[in-house]
Amino acid sequence: MGLKEDIAALARQEELLQFSKFDEAEAWALGAHMRQQAINKKLPLVIDIRVAGRKLFHAALPGTSPDNGEWVERKINVVTRYHKSSYRVGRELQDRGMSLDESRGVNPLAMAAAGGGFPITVKGVGVVGAVTVSGIPQRDDHQFVATCIADHLKIAQIDVQLPPETP
């Protein structure tokens, strides 16, 4: 699958993985599910869920470092600014031969267009926050979040799986 098809698949995920509501209870249930999945798979992840800048869930699992927390912050900034997954923003920039830097009006130390940040979109409202992880390769970070959100929303995982990455 080419880069353009990958971008289209990421956009489809964002369309499909929308919530009817999102509050503290939703954040806790999703975060707890993500934490348990990471533990079961022995994944070294930092997991963060925020709405309107308010941290509703945060966990740092064994094998993570403070650097993973910094990556989470940078990915959240991308989701917040562009209202797209941080991985999709990175793939779109790659497709255009661009990078997320001063030429786009951003501080590259404050943003990371890398996989792992996913928008929390409420149907009829729009993007209200972000679900973000850091700790494994970026495509895997992204897919982990998408799969966990799909589980939480009772959407078949096959509907949100990305195809194998092509260079």
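**View 1. His142, a buried histidine in a predicted model.** With a relative accessibility of 1%, His142 falls under the 20% limit and so counts as buried. Like everything in these views, this comes from a predicted model. His142 belongs to helix α5. Which residues does His142 touch, beyond its neighbours within four places in sequence? They are Leu10, Gln13, Ser85, Tyr87, Gly115, Gly116, Phe118 and Leu162. Helix α5 itself covers residues 138-153.

**View 2. The whole protein, to help you find your way.** Zooming out for a moment, you can count five helices and four strands. Starting from the N terminus, the elements follow the order α-α-β-β-α-α-β-β-α. The radius of gyration is 15 Å, close to the 15 Å that the globule rule gives for 167 residues, so the protein is as compact as a globular protein of that length. Its C-alpha trace spans about 40 × 35 × 35 Å along the principal axes. Buried residues account for 47% of the 167 residues. Of the contacts with a separation of 6 or more, 66% link residues 24 or more positions apart. The accessible surface amounts to about 8100 Å², and carbon and sulfur atoms contribute 53% of it.

**View 3. The open sheet and its four strands.** Reading across the sheet, the strand order is β2-β1-β4-β3, and the pairing is antiparallel. Strands β2 (54-60) and β3 sit at the edges, each pairing on one side only. On average, neighbouring strands of this sheet are turned by 15° against each other, direction ignored. Look next at β1 and β2, which run antiparallel and are joined by six bridges. Where does Val51 find its bridge partner in β2? The partner is Arg54.

**View 4. Helices lying across the sheet.** Helix α3 lies across β1, β3 and β4 and runs at about 155° to β4. Helix α5 lies across β3 and β4, running at about 125° to β4.

**View 5. Helix α3 and its buried residues.** Helix α3 takes in residues 66-82, and at 1.5 Å a residue its 17 residues should span 24 Å; the end C-alpha atoms are 25 Å apart, which agrees. Which residues of α3 are buried? They are Asn68, Val72, Arg74, Lys75, Ile76, Val78 and Val79. It helps to remember that an α-helix has 3.6 residues a turn, so residues three or four places apart point the same way. The cover over the buried residues of α3 includes strands β1 (46-51), β3 (117-122) and β4 (126-134), together with helices α4 (86-96) and α5 (138-153). Just after the helix comes His83, with a positive phi near 55°.

**View 6. Lys42, an exposed lysine with a positive phi.** Lys42 is placed in the loop between α2 (24-40) and β1. Although Lys42 is not a glycine, its phi is positive, at about 55°. Is Lys42 buried or exposed? Its relative accessibility is 72%, and the limit for exposed is over 50%, so Lys42 counts as exposed.

**View 7. Lys154, in the segment after α5.** Follow the chain into the segment after α5 and you will meet Lys154. Lys154 is a residue other than glycine, yet its phi has a positive value near 60°. With 75% relative accessibility, Lys154 counts as exposed.

Key: Residues are numbered from 1 along each chain as its sequence is written. This is a predicted model: local features need pLDDT of at least 70, side-chain atom pairs count only at pLDDT 80 or more; totals for chains, interfaces and linings use all residues. Side-chain values use heavy atoms; hydrogens and water are left out. Helices (H or I, at least four residues) and strands (E, at least two) are DSSP runs, numbered from the N terminus. The expected span of a helix is 1.5 Å times one less than its number of residues. Buried means under 20% relative accessible area, exposed over 50%, partly exposed in between (1.4 Å probe, protein chains only). Contact means heavy atoms within 4.5 Å. Two strands pair if DSSP finds at least two bridges between them. Axes are lines fitted to C-alpha atoms, for helices over the stretch in contact, and angles run from 0 to 180 degrees between N-to-C directions. The radius of gyration is taken over C-alpha atoms; the globule rule is 2.2 Å times the number of residues to the power 0.38. Accessible areas come from the Shrake-Rupley method with a 1.4 Å probe; for residues, only the protein chains shown count as cover.
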